[in-house]
Amino acid sequence: MAKQAGRAGGQRLMELRDSFEVSEKGSFDFVTNADIASQKAVFECISDSYPYHLLMGEEGDTHGPPADDESIVWVVDPLDGTTNYLHQFPFFAVSIAAVQASRPRAACVYDPLHDDFYWAAEGAGAWRNEERLQVSGAERLSDSLLSMSLPPQVASDSPDLLDFLNLVRECQAIRRTGSAAMNLALLAAGKIDGYWARQIKPWDVAAGVLLIQEAGGVVSNPVGDPFDLWQANLTAACSAGVHHELVSHLSR
């Protein structure tokens, strides 16, 4: 279902790619009619099969955990990488996860430009289309390519920038791509070795966290404690060694 809903949302993004309308949610924080159309298509697809499941999307009013642990809530980012989409920079995705008891159980990050599904089910591995995914074999930060996310606005004394300055000297390179969901998918696929984000939302990472866990990676909060989906901020890595070094260099 996550894959079907991802395709439904991705089709709307591709249809509107040359004719979208844009408005500003906050300073440098944008939303388009494509975000809204994609979310509507995703929600309709899920609701047709699971009318009693809960729905949480970025473009909505309900952004907290469900009241009980038994409920299944679909956590959706209908367009992760909106600014990229605005500028036709080819790096954005639809991110969908079915969450129960604060744990992603099934997930899909769909890249509509390349028609690639990055998907996972709890206990059943992570996949890109029909290829099983495995994180890279890097064990040291000095061998690693990292990625990071920044909030829409960054102050000159931001911890995010301090983190960048701390880590850029310790690793091979750092990328800031503009799509957290795709960063996590690529980490699961072994293309990136570590990732961190301090100001992120559940819908940005719910699917990607399961991809990494099922591909053999490590996920925690930014200081190495257990990851909390509803707080969302995270550090992820391909191995315990890279994760330990990454956490140790992040500013407290």
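Let me start with strand S10, residues 145-148, which in this predicted model pairs with S11 in the parallel sense over 3 bridges. If you want one pair of residues to look at there, take Ser147, whose bridge partner in S11 is Arg175. Both strands belong to an open sheet of 5 strands, ordered S11-S10-S12-S14-S13, and the pairing within that sheet is mixed. At its edges sit strand S11, residues 173-175, and strand S13, residues 218-220, each of which pairs on one side only. Neighbouring strands of this sheet are turned against each other by 15° on average, with direction ignored. Helix H5, residues 180-188, packs on the sheet and touches S10, strand S12 (194-197) and strand S14 (234-237), and the direction of helix H5 makes about 155° with that of S12.

Now to strand S4, residues 72-80. How many of the 9 residues of strand S4 are buried? The count is 8 of the 9, so strand S4 is largely enclosed by the rest of the structure. Strand S3, residues 54-57, is joined to S4 by 4 bridges, and these two run parallel, whereas S4 and strand S5, residues 93-100, run antiparallel and are joined by 7 bridges. Val76 is a convenient place to see both pairings, since Val76 in S4 is the bridge partner of Gly57, and Val76 in turn has Ile96 as its bridge partner in S5.

Let me move on to two individual residues, beginning with Tyr110, which is found in strand S6, residues 103-111. Tyr110 has a relative accessible area of 4%, which is under the 20% cut-off, and therefore counts as buried. Leaving aside residues up to four places away in sequence, Tyr110 touches a set of residues including Gly6, Arg7, Gly10, Phe92 and Phe117. Asp115 is also one of the residues touched, and here the side chains of Tyr110 and Asp115 make a polar contact at 2.7 Å. As for Ala5, which is 105 residues apart from Tyr110 along the chain, the C-alpha atoms of the two are separated by 9.4 Å.

The other residue is Arg17, in the loop between helix H1 (2-15) and strand S1 (22-26). Which side chain of opposite charge is nearest to Arg17? That is Asp18, at 5.7 Å, and Arg17, although buried, has no salt bridge. Apart from residues up to four places away in sequence, Arg17 touches Tyr85, Gln88, Phe92 and Leu113. Phe92, then, appears among the contacts of Arg17 and also among those of Tyr110.

Technical notes
Residues are numbered from 1 along each chain as its sequence is written. This is a predicted model: local features need pLDDT of at least 70, side-chain atom pairs count only at pLDDT 80 or more; totals for chains, interfaces and linings use all residues. Side-chain values use heavy atoms; hydrogens and water are left out. Buried means under 20% relative accessible area, exposed over 50%, partly exposed in between (1.4 Å probe, protein chains only). Lys and Arg count as positive and Asp and Glu as negative; His and the chain ends are not counted. A salt bridge is a side-chain nitrogen of Lys or Arg within 4 Å of a carboxyl oxygen of Asp or Glu. Contact means heavy atoms within 4.5 Å. A polar contact is a pair of N or O atoms within 3.5 Å; within protein, one must be able to donate a hydrogen and the other to accept it, and residues adjacent in sequence count only if both atoms are side-chain atoms. Two strands pair if DSSP finds at least two bridges between them. Axes are lines fitted to C-alpha atoms, for helices over the stretch in contact, and angles run from 0 to 180 degrees between N-to-C directions.
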